[in-house]
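Q: Pick one part of this model and take me through it up close, atom distances included. Once that part is clear, work outward to the rest of the chain.

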Amino acid sequence: MNRFEFHPVGQGLFYTGSLMHGTYQFVFDCGTENKQNYVNDCIDNYVKSFLYDKEKPIIDFVVISHLHKDHFSGLMYLLHKAKVNKIYLPYLGENNDVIRATLALSIFQEQNDQGTEYNVQNNISLFYFMCGLYGVDESRDFIRYRELVAYIRNDEKLNNNRNVVYAAEKFDVGYKNNPYWQFNLIQSRVYGKKLNQLYELLDSFFDKFKSKDLISIILNNKDALNELRGIYESIFGKGNALNLTSILLVHFPIYSNAVSICPYNNGLHYFENYIKNHYYRHYCCDFNDYFYRMKVSNSVVSILTSDAMLDSVITSKINHIKGERENLILQIPHHGSKDNWDAILKNNIESNIYIIPFGYGNRHKHPSSYTIDSLIDDRKEFYCVNQKDKYLYFID
């Protein structure tokens, strides 16, 4: 039995997979923008679910899709609770200033969402921890984790204007020499000219403050983060530049004849009421009081997109990876954002089941009503994950 779960962390993402009756474990993203205890409690429950007795349970790999805090704020706690063999991080180039500035911009942007905790000391610890993972010389307390970090470097290809590099990596796991499950990592990332522009602007930023101590700059200059954000936007445009370089994970059983079982208490009832109250529409669906069972003649492919903006190159890679497998479970990127959903429609990515992770009352107003209306109008089957509702499924 293989178990997969989108955990109820609110505005963020924490997805776990357990293969071969719990003998192989993996995690995709581990964070929240809401109260930190949402993700910490989910981590505790996840670790308790391990079926074998060890001092620290083993997680074979963790993927952090991109460097927005709501996707990695629980990583330090996860490493405290379990032994992790490998951590995939987004590649940020070789310039330490860029790595520090990117992490600072992500971690120290104070959130104003309802129920959000903002703790300066916790953010400082998280900043040093992430710097330790990336191997920059900020703190020796966390540098020991550096040996766990890996980047997606295989099969790199440039697009036509040479501004973006696409990297992909594939590996199988199984019993002894018998492959059982396939994992595919895909990432697009900024390359070349734009990175050089960023280096130059950051040099001017540090010269202005006569220091490279980002913690001191941020804590002592209230406009420093806005300036840092302005630097990124001047190169990558307004919006969420870090989202554009999200790592995607596509995974599935190598052999066919899978059965996917989705328990009923996965938020669909909640969304029926949400639509009634907020959109004055009703999602006409046959609510099953026991569970949903999908019997298929081919493997179920799980596509985890995080906050990625899917384009034609990534779509072609996904299509190549899944091959003839037509039964998909797709996480809608960026918490149901209109632009990200439009990209799915534009690239004709069809799925049997759609998952939208988001948090109640988030300041971004996710998911977009446009996305929801589109799903309803096309009679798509979709489920929501938030502070209260999880989504759990099995592939056997």
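A: Let's start at Ser-337, which touches His-366, Ser-368 and Thr-371 once you set aside the neighbours within four places in sequence. Keep in mind that this is a predicted model. Ser-337 sits in the loop between strand S16 (327–331) and H10, and with a relative accessible area of 9% it is buried. Its side chain has a job at the helix end: Ser-337 caps the N-terminal end of H10, with a side-chain oxygen 3.4 Å from the backbone nitrogen of Asp-339.

Now for the helix that follows. H10 (338–346) has four residues to look at here: Asn-340, Trp-341, Ala-343 and Ile-344 are its buried ones. They end up on the same side of H10 because they cover an arc of only 150° around the axis. Among the elements that cover those buried residues are S16, S17 and H11. At the other end, Asn-348 comes just after H10 and takes a positive phi of about 55°.

Back to one of the Ser-337 contacts, His-366. A cis peptide bond joins His-366 and Pro-367, with omega at about -5°. Pro-367 belongs to the loop between S17 and H11, and both of those elements are among the ones covering the buried residues of H10.

From there, go on to the loop between H11 and S18, where you find Arg-379. Arg-379 isn't a glycine, yet its phi is positive, near 55°. It's exposed, with a relative accessible area of 59%. What does Lys-380 pair with? Lys-380 forms a salt bridge with Glu-350, and the closest N and O atoms are 2.6 Å apart. Lys-380 lies in the loop between helix H11 (369–377) and strand S18 (381–385), while Glu-350 lies in the loop between H10 and strand S17 (353–357), so this pair ties together parts that are 30 residues apart in sequence. The two partners fall into opposite classes: Lys-380 counts as buried at 16% relative accessibility, while Glu-350 counts as exposed at 51%.

That brings up the other salt bridges. Partner sharing joins Asp-97, Arg-100 and Lys-212 into one network, and the count for the model comes to seven salt bridges. Another of them is Glu-227 with Lys-208, at 2.7 Å between the closest N and O atoms. This one links distant parts of the chain, 19 residues apart, with Glu-227 in helix H7 (residues 224–236) and Lys-208 in helix H5 (residues 193–209). Glu-227 is partly exposed, at 28% relative accessible area. Then there's Glu-5 with Arg-3, where the closest N and O atoms are 2.9 Å apart. Here Glu-5 is buried, at 7%, and Arg-3 is partly exposed, at 33%.

For something to set beside H10, try helix H9 (residues 312–322), whose buried residues are Ile-314, Thr-315, Lys-317, Ile-318, Ile-321 and Lys-322. Looking down the axis of H9, these residues fall within an arc of 160°, so they line one face of the helix. On the other side of H9, Ser-312 and His-320 are exposed. The cover over the buried face includes strand S10 (164–175), strand S11 (178–190), strand S12 (247–253), strand S15 (300–304) and S16. S16 is also one of the elements that cover the buried residues of H10.

H9 has a cap too. Asp-311 caps its N-terminal end, with a side-chain oxygen 3.2 Å from the backbone nitrogen of Val-313. Next after the helix is Gly-323, which has a positive phi near 60°.

A couple of things from elsewhere in the chain. Met-20 has a positive phi of about 50° although it is not a glycine. You'll find Met-20 in the loop between strand S2 (12–19) and strand S3 (24–32), and at 5% relative accessibility it counts as buried. As for cysteines, the structure holds zero disulfides. Cys-30 is in none, and the nearest cysteine sulfur, that of Cys-42, is 9.1 Å away. Cys-30 counts as buried at 0% relative accessibility, and Cys-384 counts as buried at 0% as well.

Terms used: Residues are numbered from 1 along each chain as its sequence is written. This is a predicted model: local features need pLDDT of at least 70, side-chain atom pairs count only at pLDDT 80 or more; totals for chains, interfaces and linings use all residues. Side-chain values use heavy atoms; hydrogens and water are left out. A salt bridge is a side-chain nitrogen of Lys or Arg within 4 Å of a carboxyl oxygen of Asp or Glu. Buried means under 20% relative accessible area, exposed over 50%, partly exposed in between (1.4 Å probe, protein chains only). Helices (H or I, at least four residues) and strands (E, at least two) are DSSP runs, numbered from the N terminus. Contact means heavy atoms within 4.5 Å. A disulfide is a pair of cysteine sulfur atoms within 2.5 Å. The arc is that of the directions from the helix axis to the C-beta atoms. A polar contact is a pair of N or O atoms within 3.5 Å; within protein, one must be able to donate a hydrogen and the other to accept it, and residues adjacent in sequence count only if both atoms are side-chain atoms.
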